[in-house]
Amino acid sequence: MWLLLQSLLLASSLRLAAAFPKGCYPSEEEGLKTFRCSNAQLTEVPRDIPNDTNKLYLDSNRIPFLPRDAFRDLPLLLELDLSQNSIASIESGAFRGLAEHLRSLDLSSNRLVSVSKDTFSNLKAKVNLSNNPWQCDCRLQELVRAVDLPPGSSGGIICHSSVQEEHVGKPFLQVMADTDFCNVSKKTTDIAMLVTMFGWFAMVISYLVYYVRQNQEDARRHLEYLKSLPSKQRRSEESSTISTVV
């Protein structure tokens, strides 16, 4: 009987292991249910992760993007490690369902250039955004102000590219202390609108000037024509012109 029970438990364990991607395995750490897929050469978020998982490690893989509802079946997740992947895009709603419990989200050392702040809406977790090739602009400024950064991680958010070359290579928070990217963006938009309005105004003025000059030229030619006529015919033409005007 005991051997039969052991055989059943072993068979059950083997079935569970077979359901997991290669290199992934469940464990328990400090009383928390953990699922590790570190360095498993994954190219997407695996399915069939136990829905009672508290800590999920997907670090050191080749995941390129996070789709909508990627973690919706993990309502008890407390920690999510996605560091050292190739993530360049995160769809809106990728972290939906994690707002209530998630307390740590690691997105460091990926390929993120620009992400909307709405991607992390309602999340209370500390979000590590360091060591990504960030585009320093208003969008990143809004993101940094919207999320809770872990202590010591902000210095790793470096400007990989920026409209202003002097910002490249500098910590974003240092640059942001002297530059309001969203205000600069607004000023640029306002200037563009003013330039456009000035262009239309200049076109209208040019047309009016052309119209006046053209009418003056026509009037001058008509006067020269009248002067070239014999006296009697000229008076008749002038009389006809006056009566037409009246």
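**Ser153**

I began with Ser153, which I found in the loop that runs between α2 (138-146) and β10 (159-162). I note here that I am working from a predicted model.

Is Ser153 buried or exposed? I looked up its relative accessible area, which is 8%, and since buried means under 20%, I entered Ser153 as buried. I then asked which residues Ser153 is in contact with once its neighbours within four places in sequence are left aside, and I wrote down Asn128 and Ser130.

**The largest cavity**

I next looked for enclosed space and counted one cavity of 30 Å³ or more. For the largest cavity I recorded a volume of about 40 Å³. Going through its lining, I listed Phe120, Leu123, Ala125 and Val127, together with Ala146, Val147 and Asp148. When I sorted this lining by class, I had six nonpolar residues, no polar ones and one charged residue; Asp148 is among the lining residues, and because Asp counts as charged, I assign the charged place to Asp148.

**The largest pocket**

I turned last to open space, and for the largest pocket I noted about 360 Å³. Which of the 17 lining residues are the closest to the centre of this pocket? I found Val45, Pro46 and Arg47, along with Asp69 and Ala70. By class, I entered the lining of the largest pocket as nine nonpolar, one polar and seven charged residues.

Notes: Residues are numbered from 1 along each chain as its sequence is written. This is a predicted model: local features need pLDDT of at least 70, side-chain atom pairs count only at pLDDT 80 or more; totals for chains, interfaces and linings use all residues. Side-chain values use heavy atoms; hydrogens and water are left out. On a 1 Å grid over the protein atoms alone, a cavity is a set of points where a 1.4 Å probe fits but cannot get out, and a pocket is an open set with protein on both sides within 12 Å along at least five of seven lines; lining residues have an atom within 4 Å of a point. Grid points are joined across faces, edges and corners, and a volume is the space filled by probe spheres set on the points. Helices (H or I, at least four residues) and strands (E, at least two) are DSSP runs, numbered from the N terminus. Buried means under 20% relative accessible area, exposed over 50%, partly exposed in between (1.4 Å probe, protein chains only). Contact means heavy atoms within 4.5 Å.
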